[in-house]
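User: I'm new to this structure and would like a close look at a single part of it, the aromatic rings. Could you walk me through them?
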Amino acid sequence: MKKVNRKKCAGLIAVIFLIMSLSACGAKISMEAEFNEGTGGYEVTAENAKDAVCIGSITVSDGECLAVSPNLDKGRMILTVYSAEDFEAAVGEGSPEALTEIPEGVEEQAALKETITGNDVSVYPLDPGDYYISFAAEDESISGTLKAMPFSIEELREQDAELADTLGGEDSAADTAVSSEAEGTAVTSADSGSGTAAAAEASPEDEESTGEDADYEKDGQT
């Protein structure tokens with residue numbers, strides 16, 4: 001299959017829309033994912049969305065992780081990341097971004113799958129490369145926004161160091177991230193927006209994190 005520059009492809013697509021019909025009571029039902037050329041990621045907006053999916057492409061460079069910043073008023077969003085090679089093989093001919101459902105069998109090969117709720121910021125380690133990313137509203141109505149983008153691990157480390165200095169270096173989120181590295185789990189940071197660099201550097205092969213794992217890490221539990 002012919003390879004393309006996925007950042008250019010996503011830039012040309014610009015906005016991926018999945019607009020659903022109006023409900024009987026007249027409430028708007030919609031879900032859209034807009035590519036942000038500045039961050040190289042997506043900004044998703046959902047309003048009473050259900051049984052919907054948006055698909056886009058991202059590139060993770062060396063020294064980067066995937067940062068996810070949700071602000072969901074209700075419901076949960078399923079975020080899944082697939083290697084470009086596996087996803088394109090499952091799609092065959094046609095545009096992957098134009099799909100309204102995930103190809104059968106490809107989910108078992110996902111590089112990352114997370115259930116996102118609330119407004120906790122999380123980061124996830126991914127090997128450098130090209131990926132397709134899907135945002136799905138399944139059997140539960142979703143309203144709110146979500147941003148997902150490649151992010152510099154070095155910048156996260158610097159933010160952790162600044163927070164550690166501010167808090168005196170004893171109970172900082174950076175310390176939590178260091179302790180979580182052995183677990184290989186993502187660390188959420190709802191208030192600090194930091195404490196995630198070490199988790200982002202964990203090997204993807206060693207990571208078996210789930211949304212529940214992230215909540216435990218945030219509370220300081222193992």
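Does Y82 count as buried or exposed, and what is the relative accessibility behind that?

Analyst: Keep in mind that this is a predicted model. Y82 counts as buried, because its relative accessibility is 1% and the cut-off for buried is under 20%.

Now for the rings themselves. A pair of aromatic rings is described by the distance of the centres and the angle of the planes. The count here comes to four aromatic pairs. One of them joins F35 and Y42: the ring centres sit 5.2 Å apart with the planes at 65°, so this pair is edge-to-face. That label fits because planes over 60 degrees apart count as edge-to-face. Both partners are tucked away from the surface: F35 is buried at a relative accessible area of 10%, and Y42 is buried too, at 2%.

Back to your residue. Y82 pairs with F87, and there the arrangement is tilted, with 5.0 Å from centre to centre and 40° between the planes. F87 is buried, with a relative accessible area of 0%, and Y82 is buried at 1%.

There's also a grouping beyond single pairs: F35, Y42 and F135 form one aromatic cluster.

For contrast, take A89, which lies in helix α2, residues 84–91. A89 is exposed, with a relative accessible area of 62%. Its C-alpha atom is separated by 9.0 Å from that of V106, and the two residues are 17 apart along the chain.

Note on methods. Residues are numbered from 1 along each chain as its sequence is written. This is a predicted model: local features need pLDDT of at least 70, side-chain atom pairs count only at pLDDT 80 or more; totals for chains, interfaces and linings use all residues. Side-chain values use heavy atoms; hydrogens and water are left out. Helices (H or I, at least four residues) and strands (E, at least two) are DSSP runs, numbered from the N terminus. Buried means under 20% relative accessible area, exposed over 50%, partly exposed in between (1.4 Å probe, protein chains only). Rings of Phe, Tyr and Trp (its six-membered ring) pair if their centres lie within 6.5 Å; planes under 30 degrees apart count as stacked, over 60 as edge-to-face and the rest as tilted.
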